[in-house]
Amino acid sequence: MSERQTPTIYPETRFYWDGAKAGKLLLNACTPCGGKAYFPPRPFCPTCGSRDVTVTEASGRGTLHSYIINHLPAPGYEPPFTVAVVMLEEGVKMVSNILDCPAEPEALILDMPLEVTFEQRGDVAVPQFRPAKGGAA
Amino acid sequence: MSRAEIAIVGAAETTQLGKVPELSQTGLHADAALNAMADCGLTPADIDGVATGGHDVAEIIQYLGITPTWYDGTSVGGCSFITLVRHAAAAIQQGLCTTVLITHGESGRSNNRSHRPIFPSMQQQEFESIYGPLVPPSRFTLPVMRKMKDDGLTEEQLAMVAVVQREWAGFHPRATMRDPITVDDVLSSKMIAYPFRLMMCCLVSDGGGALILTSAERAKDFPTKPVYLRGTGGESAEGPMISQMESFSSSKAFRVSGKAAFDSAGITHADVDHLMIYDAFAHLPVYGLEDLGFVGRGEGGAFIAEGNTRPGGKLPLNTNGGGLSYMHSGMYGMYALQEAVRQMRGTSPAQVEGAKLSVVHGVGGMFSAAATVVMTTEDAW
């Protein structure tokens, strides 16, 4: 089986992947918008256009917003596997797999609490989510 | 009273549809273009505007031997051709050209081509593809579980989209899939990306189509029955990362594009005799019906399941069978346009009796872009 894809990292997103390597989920946030987070990273706010943005560490908590159970092949994956969209506590959505959870509708309950973890792919750490330990976030 | 300013005078699909291993992608463009020119009695020397999506427009110009004063290569996925209809209309109205050829060709099945037609997106690859959703069936379907929970859409309703469209395809000798199917057939077909099964996903075909547009004034000199544009149509885009849609239950691009088309045409939903909504997957007609305002939010699935869009229903929808049953080359928008032109000419094998106004709405990429146009048989309203 071939290896899972690793991201092509660009200058504007380097901090995100460096953060993941250090076990942190980092987001950009806009100062004029009151510290509102946005995703994916870019050096300006997609709501107001300001370049006055910061890097902030996400809580790592989120909920299962939507998903598919993918039966199609993908390098390094063994179908069926879950592809999800996670709603972070900070109000932004991101794609993830759901680790430590069967790829079955009965186990994938919309809005269930999730927590971040990191999957090592060579030199790159990829943010991933799994059911939150201890139930409710 | 408003008068029509732009008309579609030439329209044709490729000679063969479905499996066309004997032609390259460029060849499919050319076959469709030559058929459309023959339809209205023109040659390449009569064309001064050329537009295409997902393919280098300059290659089409050179291959066909055209000397244009205007071109457009807008490539936002399958609705590009619907977008290009309104761009071409604007160009003709501005005097940038007089006679526009819009071509589509795609060797989706045989893969006789040098490149895939949709540009890769940098951030989509960096933040979505790495988790395994690499192809449309595992990307376009991502929002749907959310919609099912929030709006009550069911798997049976999604299955009914495929069932009803197969009924329409049964009228079309050129449709790839024509045998009737049941909800059980759909729900027992192969699982692709839960909750989506094979029969809820579009075909993968070879084919093409072309349109020729000119001023409504000149249209009367052509041998074909003119199909007039009403209003400016609409377009919008939300972007290639489906995870970043503002809402998973409604497409902002659909809403903005649809509203512009309806407002500029000065029509209400009751004026629409015939409707095409690009259906790469079974949920798209549901989103389209809701986001264009034909039904309320959360009512699209039931509206189709109750039979309103089937033959004999009050709102004939996707009367060629759509991407699910007619054909789907990859960028299906051209075939939605072709069926609307046939309906306005009165020549569709699934002709809606007395249809005078058709709305064509398309999606580009995975909810990335949208475009809408309104066609009519009437030169004034």
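This note comments on a predicted model, beginning with chain A and then turning to its contact with chain B.

1. Composition of chain A. Chain A contains 1 helix and 8 strands. In sequence order these elements follow the pattern α-β-β-β-β-β-β-β-β, with the helix placed ahead of the strands.

2. Overall dimensions of chain A. The radius of gyration of chain A is 16 Å, close to the 14 Å that the globule rule gives for 137 residues, so chain A is as compact as a globular protein of that length. Along the principal axes, the C-alpha trace of chain A spans about 40 × 35 × 25 Å.

3. Burial and contacts within chain A. Of the 137 residues in chain A, 33% are buried. Among the contacts of chain A that have a separation of 6 or more, 47% are between residues 24 or more positions apart.

4. Extent of the contact between the chains. Chain A and chain B each contribute to this contact: 28 residues come from chain A and 28 residues from chain B. On chain B, the elements that each supply at least two residues to the side touching chain A are helix H4 (122-127), helix H5 (136-139), helix H6 (144-151) and strand E5. H4(B) provides the largest share of that side, with 5 residues.

5. Character of the chain B side. The residues of chain B that touch chain A divide into 16 nonpolar, 8 polar and 4 charged. This division concerns the side contributed by chain B.

6. Strand pairing across the chains. Strand E4 of chain A, residues 61-70, pairs with strand E5 of chain B, residues 191-194. The pairing is antiparallel and runs over 2 bridges. Within it, Ile69(A) has Tyr194(B) as its bridge partner in E5(B).

7. Continuation within chain B. E5(B) also pairs with strand E6 of chain B, residues 196-197, again in the antiparallel sense and over 2 bridges. Here Ala193(B) has Phe196(B) as its bridge partner in E6(B). The connection from E5(B) to E6(B) is a hairpin through 1 residue.

8. Points to inspect together. E5(B) merits attention on three counts: E5(B) pairs with E4 of chain A, E5(B) pairs with E6(B), and E5(B) supplies at least two residues of the side of chain B that touches chain A. In the displayed structure, the bridge partners Ile69(A) and Tyr194(B) mark the pairing between the chains, while Ala193(B) and Phe196(B) mark the pairing within chain B.

Notes
Residues numbered from 1 in each chain as written. Chains lettered and ligands numbered in written order. Predicted model: local features only at pLDDT ≥ 70, side-chain atom pairs only at ≥ 80, totals over all residues. Pairing = 2+ DSSP bridges. Helix = DSSP H or I, 4+ residues; strand = E, 2+ residues; numbered from the N terminus. Contact = placed C-beta atoms within 7 Å. Nonpolar A, V, L, I, M, F, W, Y, C, P; charged D, E, K, R; others polar. Rg over C-alpha atoms; globule rule 2.2 N^0.38 Å. Buried ≥ 20, exposed ≤ 12 C-beta atoms within 10 Å, placed from the backbone.
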